[in-house]
Amino acid sequence: MTQGQKATSTILETPVPGGLWVAFTATLKRDVTLMFRRRGELLNPLVFFALVITLFPIGISPDRAVLALIAPGLLWVAALLAALLSLDSLFRTDYDDGSLEQMLLAPQPLAALSLAKVLAHWLLTGLPLALVAPLLGVTLALPLGSYAVLALSLLLGSASLSLIGAIGAALTVGIARGGVLLSLIILPLYIPVLIFGVGAVQAAVIGEGVAAHLAMLGALLAASLLLAPWAIAASLRISING
Amino acid sequence: MSLCLQARQLACERDGRWLFEGLDLTIRSGDIVRIEGPNGSGKTTLLKLLAGQLSDYQGELFWNGAPLRKVREHYLANLLYLGHSPGIKAGLSPLENLAWYQALSGERGNTSQRLSALEQVGLGGFEDVLVGQLSAGQQRRVALARLTLTRRPLWVLDEPFTAIDRQGVAALEAQLAAHAQSGGSVLVTTHHALDVSPAARCIQLG
């Protein structure tokens with residue numbers, strides 16, 4: 001082999017082993033930093049959640065018995081809509097400034113990078129919603145003893161909501177006003193999570209076992225963790241292609 | 001094994017109109033290829049297609065003799081694509097932007113590497129300013145810093161000279177030439193006359 005051939009043979013790069021973890025953590029860190037720098041948007045879902053919940057006792061009745069009956073459903077529906085509100089921006093800015101294109105061209109699996117983005121989204125929307133929910137439960141006279149279950153069910157449920165919602169966000173990212181379409185695609189898929197989430201809290205309120213409901217929420221989360229990243233990656237490819 | 005990207009009988013249709021048909025193209029180590037054509041003639045589409053982003057085309061693409069679809073990961077590890085939008089986050093500083101791009105290619109890198117890359121594109125002193133506060137040309141330079149930072153043999157650049165001042169253009173031309181001379185290859189679209197050696201091969205579209 002001559003000198004010249006040797007020089008050209010070394011220029012080709014191979015994918016760096018272990019690079020996936022580096023790319024995953026960097027993407028997570030990048031998205032968390034970006035979201036923290038837009039604090040107004042970050043607070044939006046929380047403010048929406050708090051407003052809706054505080055308006056209900058005024059609008060319906062301050063009667064504790066009435067409120068306690070509807071509290072689990074109200075809290076869950078409001079949290080679900082708050083999570084839905086924040087989804088549209090998940091891939092939007094990346095699409096607009098071209099970094100989504102670059103993510104698709106990275107020598108890392110797109111599914112893993114999307115998972116990092118969804119994780120960042122959940123840490124800054126789903127997690128705060130789950131933590132604030134017990135506090136708002138007080139204003140709805142949620143019976144004592146169901147607060148922990150409420151937080152836990154939202155913790156598990158909101159993670160599924162973020163994962164499933166991201167599929168819709170990825171599908172509609174190429175459309176200028178995809179917000180309505182996103183809701184139409186995603187809401188039917190949210191219903192199982194809503195049913196078992198509310199079920200868990202209601203079971204806690206009437207003093208029944210909550211394990212079955214929470215196990216179902218866990219199973220939904222496991223299934224979406226397994227399948228959603230691939231669906232998100234495929235949807236992003238479709239959106240970029242169009 | 002040297003670098004070789006080959007397109008055979010490439011054709012792409014948009015809205016019932018053929019942008020290009022029967023396009024044959026081979027890019028080897030040391031080549032600078034310039035795609036020319038009026039606005040709307042499909043330059044960006046061709047670049048995206050060669051960068052493996054689009055799948056609705058006819059014809060075949062080969063990377064070092066193997067079909068591109070099969071060696072996609074290896075191909076992407078060798079490709080640096082700078083698109084029409086620079087892919088730079090306005091809410092992050094130039095340093096943070098570059099850190100993410102380094103991580104995307106799987107390297108942790110370090111700050112001094114990134115600082116010297118920024119220095120080289122004339123952004124020394126701006127490393128901690130949010131990109132949103134920089135001018136259009138400076139934002140483009142942040143993207144161009146990736147050329148120095150990430151070692152990739154094949155560069156696919158879509159209008160890299162947009163918003164760059166005269167000194168910047170000369171520096172970038174010198175960088176393209178140096179890259180080609182060291183065995184890399186460059187595929188570029190631009191509306192200005194490229195002054196590089198080895199001289200750029202032209203492909204006319206439209």
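# Why these features carry their names

Q: What makes strand β1 and strand β2 of chain B a pair?
A: Strand β1 (residues 4–14) and strand β2 (residues 17–28) of chain B pair in the antiparallel sense over eight bridges. Two strands pair if DSSP finds at least two bridges between them, so these eight bridges satisfy the rule. A strand is a DSSP run of E with at least two residues, a helix is a run of H or I with at least four, and both are numbered from the N terminus.

Q: What kind of model is this, and how is it numbered?
A: This is a predicted model, in which local features need pLDDT of at least 70 and side-chain atom pairs count only at pLDDT 80 or more, while totals for chains, interfaces and linings use all residues. Residues are numbered from 1 along each chain as its sequence is written, and chains are lettered from A and ligands numbered from 1 in the order in which they are written.

Q: Which residues stand opposite each other in β1(B) and β2(B)?
A: B:Cys4 faces B:Arg28 in β2(B), B:Ala7 has B:Leu25 as its bridge partner, and B:Glu13 stands opposite B:Trp18. The two strands form a hairpin with two residues between them, and B:Asp15 in the turn has a positive phi of about 50°.

Q: How do you know that β1(B) also pairs with β4(B)?
A: β1(B) and strand β4 (residues 58–63) of chain B share five antiparallel bridges; the rule asks for at least two, so the strands pair. B:Leu5, for example, stands opposite B:Trp63 in β4(B).

Q: Why are β2 and β5 of chain B called edge strands?
A: The order β2-β1-β4-β5 (chain B) makes an open sheet of four strands, with antiparallel pairing. β2 and β5 each pair on one side only, and this is what edge strand refers to here.

Q: Why is B:Ala66 called exposed?
A: B:Ala66 sits in strand β5 (residues 66–67) of chain B. A residue is exposed if 12 or fewer other C-beta atoms (placed from the backbone) lie within 10 Å of its own, buried if 20 or more do, and partly exposed in between. B:Ala66 has 11 C-beta neighbours inside 10 Å, so it counts as exposed. Its C-alpha is 9.6 Å from that of B:Gln6, 60 residues apart in sequence.

Q: How do you know how confident the predictor is about chain A?
A: You can read it from pLDDT, the predictor's confidence in each residue, from 0 to 100. The mean for chain A is 90, and 95% of its residues reach 70 or more. Confidence is lowest in helix α1 (residues 3–9) of chain A, at a mean of 40, and highest in helix α8 (residues 147–172) of chain A, at 96. Over residues 1–10 of chain A the pLDDT is below 50, and this stretch has six contacts in the model beyond near neighbours in sequence.

Q: What counts as a contact between chain A and chain B?
A: Two residues are in contact if their C-beta atoms, placed from the backbone, lie within 7 Å. By that rule, 30 residues of chain A are in contact with 39 residues of chain B. On the chain A side, α1, α2 (19–36), α6 (99–104) and α10 (211–241) each supply at least two residues. The largest share, seven residues, comes from α2(A).

Q: What makes a group of residues a nonpolar core?
A: Such a core is a set of buried Ala, Val, Leu, Ile, Met, Phe, Trp, Tyr and Cys residues joined through C-beta atoms within 7 Å. In the largest one, with 127 residues, A:Leu75, A:Ala79 and B:Val156 touch the most other members. α8(A) gives this core its largest share, 13 residues. The neighbours of A:Leu75 include A:Ile53, A:Leu136 and A:Leu150.

Q: Where do the domain bounds of chain B come from?
A: They come from an automatic or database domain assignment. Chain B is divided into domain 1 (1–78 + 155–206) and domain 2 (86–152). Their C-alpha centres lie 23 Å apart. The contact takes 10 residues from domain 1 of chain B and eight residues from domain 2 of chain B.

Key
Lists of a residue's contacts leave out its neighbours within four places in sequence.
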